[in-house]
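The following paragraphs introduce a molecular structure to a reader who meets it here for the first time. Please have the sequence and the three-dimensional view at hand while reading.

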Amino acid sequence: MPVSPELLEILVCPDDHAPVRLVQEGRGLKCDRCHRVYPIRDDIPVMLIEEASVEADAPPHG
Amino acid sequence: MASSPAPRISYAQARAFYDRCGRWLDLQRCLEDAAFADLLAHADFADAKRVVEFGCGTGRLAQRLLARELPPHAHYVGFDLSTTMLRVSRSRLARFRARAQVLPLSGPPRLPLAPGSCDRFLATYVLDLLTPADAEAVIRQALRLLAPGGLLCATVMAAHSGLPNRAFRSVWTALHRLSPLFVGGTQPADARAWLGPGWRLRHCRLIRRFAVCSQVLVAQRLP
């Protein structure tokens, strides 16, 4: 079962409390402020700073 | 009650302890259920929309809430740092599907939820194994997460002046001084000491069961 919409509504980055959004085809949750991506494993968001990777924004197309 | 100067266990030690022993925690139900009944009687769970639990353990209280106390549309989010506790609680709460989510924690509490996202914040028999500074930090997280008027609902192991409890605490404290791990890191506490500004104490009672005493506390987040 995918992460429930009710949970997605209230999840924030544990470091800076900014909102997170689904990325990587639903396999991660990204904080646009600190660029951390938190993994989703077995449909469970792992909102741990030590488990996150840092993903820079994609460069604009030009 | 003053905080004990005795050492507390680290988060890594707590995780290891509850990974090893956590599956047996439900055996303590005979000591905990009277305190839980008092908590349930004073925290208006029938009106709750979203419950957050810090240290959900085996999910026993969450199961009771979801099955019998909360309205059908209410949601629950639990957190724990022990892999065993996460596995046991997820298995226990699986039948509630999307209404119940259990997420991992690690180290000092950083709950990844938005301000005002819940109206009940539960911490049962977990604040009493934290350092006073970390217990206060959890209470501050509760203040951040609770919507105005929301309720902090806590139980801790407490001290009582009766002879059975004094004898029990003497043994408990001696074991704790030998190694906090002998008693799972828990020490008698008074949760009122951790409430900062922003709270109104709504209910506080000592519940005795055999020689063991629990403090039940319900505090309301002020607007």
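Accessible areas are obtained by the Shrake-Rupley method with a 1.4 Å probe. On this basis, about 9,600 Å² of chain B is exposed, and carbon and sulfur atoms supply 57% of that area. The structure is a predicted model, with an ipTM of 0.91 and a pTM of 0.91.

Confidence may be considered next. The mean pLDDT of chain B is 91, and 97% of its residues reach 70 or more. Over residues 1-5 of chain B, however, the pLDDT is below 50, and this stretch has 6 contacts in the model beyond near neighbours in sequence.

The secondary structure of chain B comprises 6 helices and 7 strands. Read from the N terminus, the order of these elements is α-α-β-α-β-α-β-β-α-β-α-β-β. The radius of gyration of chain B is 16 Å, close to the 17 Å given by the globule rule for 223 residues, so the chain is as compact as a globular protein of that length. Along the principal axes, the C-alpha atoms of chain B fill a box of roughly 45 × 35 × 30 Å.

The interior and the contacts add to this picture. Of the 223 residues in chain B, 57% are buried, where buried means under 20% relative accessible area. When contacts between residues at least 6 apart in the sequence of chain B are considered, 77% of them join residues at least 24 apart.

Finally, the charges of chain B may be examined. Chain B carries 30 positive and 15 negative charges, and the mean positions of these two groups are 2 Å apart.

Note on methods
Residues are numbered from 1 along each chain as its sequence is written. Chains are lettered from A and ligands numbered from 1 in the order in which they are written. This is a predicted model: local features need pLDDT of at least 70, side-chain atom pairs count only at pLDDT 80 or more; totals for chains, interfaces and linings use all residues. Side-chain values use heavy atoms; hydrogens and water are left out. Helices (H or I, at least four residues) and strands (E, at least two) are DSSP runs, numbered from the N terminus. The radius of gyration is taken over C-alpha atoms; the globule rule is 2.2 Å times the number of residues to the power 0.38. Buried means under 20% relative accessible area, exposed over 50%, partly exposed in between (1.4 Å probe, protein chains only). Contact means heavy atoms within 4.5 Å. Lys and Arg count as positive and Asp and Glu as negative; His and the chain ends are not counted. The place of a charge is taken as NZ of Lys, CZ of Arg, CG of Asp or CD of Glu. pLDDT is the predictor's confidence in each residue, from 0 to 100.
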